[in-house]
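Here are my notes on this model, set out point by point. Please read them with the sequence and the structure in view.

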Amino acid sequence: MDLVYHIEHVSYSYVKGVRALNDVTFDVYQNEILSILGSNGSGKSTLLQLLCGLLFPEEGQIFYKDELVTEKKLKSGKFQQSFRSEVGFIFQNSEVQLFCPTVFDELVFGPLQLNIPEEEAIQRAEEVLQLMRIDNIRNRPVYMLSGGERKKVAIAAVLTMNPQVIIFDEPMSGLDPKSRAFIIDLLFELNQAGKTIILATHHLELVSILQSRVAVLNEKHKLEKIAPAVDILNDTELLVNTNLISEYPHRHEHTIHKHLWPGYNFHRHE
Ligand code: ADP
Ligand code: MG
């Protein structure tokens with residue numbers, strides 16, 4: 001299988017001496033879905049920002065298609081051009097990603113930055129407006145959108161750049177069930193169209209639905225295990241130790257008691 005990323009002993013600290021990501025090594029293959037799973041603060045967003053060249057390793061190295069990713073190479077030149085057009089990043093918080101006056105402007109901004117002719121940029125925006133079912137809000141200013149709409153626009157703004165690799169931080173956050181289902185459909189569709197997808201989540205349910213390969217980060221910001229979803233979801237000890245499942249109090253008529261919450265693997269086929 002073709003390698004997209006090789007991540008080798010990568011560490012990162014925001015504050016000197018305090019690791020946010022600690023000695024992480026793994027590979028990402030072409031056209032796979034890889035879920036980065038970890039509790040709050042485990043280092044998922046940091047890792048994704050390193051993968052898309054917004055942050056750079058303090059120690060270790062990241063290779064994108066065999067080429068070492070460095071800050072210098074991403075400032076200008078051929079590698080910058082190809083990397084920026086091939087790798088798309090959807091932030092955890094859509095607010096920081098959107099800054100144009102209207103939704104439509106937002107969608108053409110990326111392609112124009114990549115020097116794609118205006119006519120094609122507009123055509124791509126039109127297609128993505130349909131795909132994401134946001135044509136009805138095309139002329140709205142971004143501040144007049146709901147959280148779910150904003151997320152869809154943030155995704156759309158990345159899709160108009162037609163990246164090969166989509167890096168998606170917390171795709172489910174802040175969305176209602178219908179919007180979540182829409183995003184899950186979209187993830188499968190993009191993957192089937194050949195995209196490599198790397199996403200971060202703390203939702204076991206999403207991992208269970210996607211049945212992707214899963215990289216689990218622990219609370220020491222290290223890679224605890226990388227394996228197919230079934231192996232991760234069946235490893236209760238791992239899930240408890242990495243704070244991904246916990247004992248919840250709940251009520252049965254007159255008593256309140258606690259046990260591990262197994263909700264994520266419960267579903268019906270009707
Ligand atoms: P996750 O996405 O898994 O919740 P993050 O990657 O956001 O985790 O954070 C990893 C660690 O880095 C946490 O301990 C967090 O407090 C710290 N951190 C994240 N962003 C910053 C920042 N901008 N400045 C300082 N520390 C940060
Ligand atoms: Mg995060």
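1. A word on naming comes before the rest. Helices are DSSP runs of H or I with at least four residues, strands are DSSP runs of E with at least two, and both are numbered from the N terminus. The model is a predicted one.

2. Helix H1 is a good place to begin. It covers residues 44–51, and it is largely enclosed by the rest of the structure, because 6 of its 8 residues are buried. The buried residues are Lys 44, Thr 46, Leu 47, Leu 48, Leu 50 and Leu 51. Gly 53, just after H1, takes a positive phi of about 75°.

3. Which residues serve as protein donors of the magnesium ion (ligand 2)? They are Ser 45, through OG, and Gln 92, through OE1. The donors lie 2.1 to 2.3 Å from the ion. Ser 45 belongs to H1, while Gln 92 sits in the loop between strand S6 (87–90) and helix H3 (103–113). The two are 47 residues apart, and the pair links distant parts of the chain. Is Gln 92 buried or partly exposed? Its relative accessible area is 40%; since the partly exposed class runs between 20% and 50%, Gln 92 is partly exposed.

4. The largest pocket has a volume of about 580 Å³. It is lined by 20 residues, and those closest to its centre are Arg 84, Phe 109, Gly 110, Gln 113 and Met 161. Helix H2 (78–86), S6, H3 and helix H5 (147–159) each give two or more residues to the lining. H3 supplies the largest share, 4 residues. Sorted by class, the lining holds 12 nonpolar, 6 polar and 2 charged residues.

5. One sheet is open and has 6 strands, in the order S6-S7-S8-S3-S9-S10, with mixed pairing. Its edges are S6 and strand S10 (223–228), each of which pairs on one side only. Neighbouring strands are turned against each other by 15° on average, direction ignored. S6 also appears in the lining of the largest pocket.

6. At the S10 edge, the neighbour is strand S9 (residues 213–217), which runs antiparallel to S10 and is joined to it by 5 bridges. Two positions show the register: Val 214 has Ala 227 as its bridge partner, and Ala 215 stands opposite Ile 226. As a general point, side chains in a regular strand alternate between the two faces of the sheet. S9 and S10 form a hairpin with 5 residues between them, and His 221 in the turn has a positive phi of about 65°.

7. Strand S4 (residues 59–64) has two partners to look at. Strand S1 (residues 3–15) runs antiparallel to S4, with 5 bridges between them, and Tyr 5 stands opposite Tyr 64. S4 is also joined by 2 bridges to strand S5 (residues 67–68), again in an antiparallel arrangement. Here the bridge partner of Tyr 64 is Glu 67. The hairpin of S4 and S5 has 2 residues between the strands, and Lys 65 in it takes a positive phi near 45°.

8. The hairpin of strand S11 (residues 247–252) and strand S12 (residues 255–260) is antiparallel and has 6 bridges. His 252 stands opposite Thr 255. There are 2 residues between the strands, and Glu 253 takes a positive phi near 45°.

9. Two further residues with positive phi deserve a look. Asp 23 has a value of about 55° although it is not a glycine; it is found in strand S2 (residues 18–29) and is partly exposed, at 38% relative accessible area. Asn 115, likewise not a glycine, has phi near 65°. It lies in the loop between H3 and helix H4 (118–131) and is exposed, at 61% relative accessible area.

10. How far apart are the C-alpha atoms of Lys 72 and Leu 112? They are separated by 23 Å, with their positions 40 residues apart along the chain. Lys 72 lies in the loop between S5 and H2. With a relative accessible area of 72%, Lys 72 passes the cut-off of over 50% and is therefore exposed.

Key:
Residues are numbered from 1 along each chain as its sequence is written. Chains are lettered from A and ligands numbered from 1 in the order in which they are written. This is a predicted model: local features need pLDDT of at least 70, side-chain atom pairs count only at pLDDT 80 or more; totals for chains, interfaces and linings use all residues. Side-chain values use heavy atoms; hydrogens and water are left out. Donors are N, O and S atoms within 2.8 Å of the metal (3.2 Å for Na, K and Ca); water is not among the atoms, so sites may look incomplete. Buried means under 20% relative accessible area, exposed over 50%, partly exposed in between (1.4 Å probe, protein chains only). On a 1 Å grid over the protein atoms alone, a cavity is a set of points where a 1.4 Å probe fits but cannot get out, and a pocket is an open set with protein on both sides within 12 Å along at least five of seven lines; lining residues have an atom within 4 Å of a point. Grid points are joined across faces, edges and corners, and a volume is the space filled by probe spheres set on the points. Ala, Val, Leu, Ile, Met, Phe, Trp, Tyr, Cys and Pro count as nonpolar, Asp, Glu, Lys and Arg as charged, and the others, Gly among them, as polar. Two strands pair if DSSP finds at least two bridges between them. Axes are lines fitted to C-alpha atoms, for helices over the stretch in contact, and angles run from 0 to 180 degrees between N-to-C directions.
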